[in-house]
Amino acid sequence: MATSEQSSQADEHADLWLTADELASWLSVVRLITRLPWAIDGQLQRDTGLSMVEYMSMAMLADAPERTMRMSELAERASVSLSRLSHLVKRLESRDYVRREPDPADGRFTNAILLPAGMRKLESAAPSHVAYVRHLVVDNLSAERLRRLAQDAERILQRIDSPAR
Amino acid sequence: MTAIEESSVHDEHADLWLTEGELAAWLSVVRLVTRLPWAVDSQLQRDADLSMVEYMTMAMLAKEPTWTMRMSELAENTSTSLSRLSHLVKRLESRCYVRREPDPADGRCTNAILLPAGMRKLESAAPAHVAHVRHLVADNLSGERLRRLGQDAERILRHIDSPAR
């Protein structure tokens, strides 16, 4: 009885509610997306005085040609709003890690440029950050699981980025 | 030649740096943990005027037999600090969704209690939230992939929770 009641309830609400298994998996994902940024940020702040998004922004500039990127592109890639990025880059400017200038090719745009002091800061911050990322994620999962995790992440991100709901 | 050089570089820095494949996978994970909370939060704010952590807090109280939980346990379960939770519960109190009282069994502890208006709010917010979670995650991945994603999340969380680095 209980089972048939439960199953008819489940049928009725199949689209509306999560099953117990789905809910358990979703709550694990929620804990991950809540705690992982907090953990990464905590290590960086404690060991280097940088936030995760400051580190990511500087690392992206370091990989860019001429260590230069348009602010709008950097915002897109670091998944922050342009206004939050401007605020953050201002703080990095005050520490001589980064400077901004109008894009010589199109003055309507602003470029962010990683400075030598920023590159040195990044190089000194990277080893402990990478070791922590290895500890939490990369060495913790098999190569195959890491690859699948990234594929699942991309699949979810595609839906976040597509406007239709 | 290049391959040998690359492999010797790789050996030397194997513990310090991420390989290209590992880095790509890690950046996908970073984008997920950055954008998914934002996406879930935006839907809830827009459709129900609740933040993700407000919703989770009320949902956790609703699952308790007496709609009651100690603040310290609630903080633990929602991965928030006690001070952030107090702030958040104060906002929910001002909207008559939740109230606080000293634990009758131990006056040193404070309990949070979901009120009928909070339960109604939760019930009206749940369908759109669950549909969004289904769209982004639960219906987007197969049952097997979702289960593995939950397992990978737990595996990473165990390393976050363990004090050793």
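**Exercise 1.** Which side chains meet in a salt bridge with an N to O distance of 2.6 Å?

*Solution.* Keep in mind that this is a predicted model. Start with the pair itself: D152(B) and R145(A) join their side chains in a salt bridge, 2.6 Å from N to O. That distance can be held against the cut-off, which asks for a Lys or Arg nitrogen within 4 Å of an Asp or Glu carboxyl oxygen. Next, widen the view to the whole interface of chain B and chain A, where the rule finds 7 salt bridges. Finally, turn to polar contacts: 13 residue pairs are counted between the two chains, both residues at pLDDT 80 or more.

**Exercise 2.** Describe the side of chain B that touches chain A.

*Solution.* Begin with the helices. Helix 2 (20–48), helix 3 (52–63), helix 6 (116–138) and helix 7 (143–161) of chain B each supply at least two residues to this side. Helix 2 of chain B gives the most, with 20 residues. Then sort by class: 33 residues are nonpolar, 14 polar and 16 charged. To finish, add the extent: 63 residues from chain B and 61 residues from chain A take part, and the two chains bury about 6,400 Å², 65% of it on carbon and sulfur atoms.

**Exercise 3.** How do helix 3 and helix 5 of chain B pack?

*Solution.* First take the geometry: the angle is about 80° and the axes lie 11 Å apart. Helix 3 of chain B is therefore roughly perpendicular to helix 5 of chain B. Now name the residues: V53(B), E54(B), T57(B) and M58(B) of helix 3 meet R84(B), L85(B), L88(B), R91(B) and L92(B) of helix 5. Lastly, classify them: 5 are nonpolar, 1 is polar and 3 are charged.

Conventions: Residues numbered from 1 in each chain as written. Chains lettered and ligands numbered in written order. Predicted model: local features only at pLDDT ≥ 70, side-chain atom pairs only at ≥ 80, totals over all residues. Heavy atoms only, no water. Contact = heavy atoms within 4.5 Å. Buried area = accessible area lost by both parts, 1.4 Å probe. Polar contact = N/O pair within 3.5 Å; in protein donor to acceptor, adjacent residues only side chain to side chain. Helix = DSSP H or I, 4+ residues; strand = E, 2+ residues; numbered from the N terminus. Nonpolar A, V, L, I, M, F, W, Y, C, P; charged D, E, K, R; others polar. Axes fitted to C-alpha atoms, helices over the stretch in contact; angles between N-to-C directions. Parallel < 35°, antiparallel > 145°, perpendicular 65-115°, else oblique.
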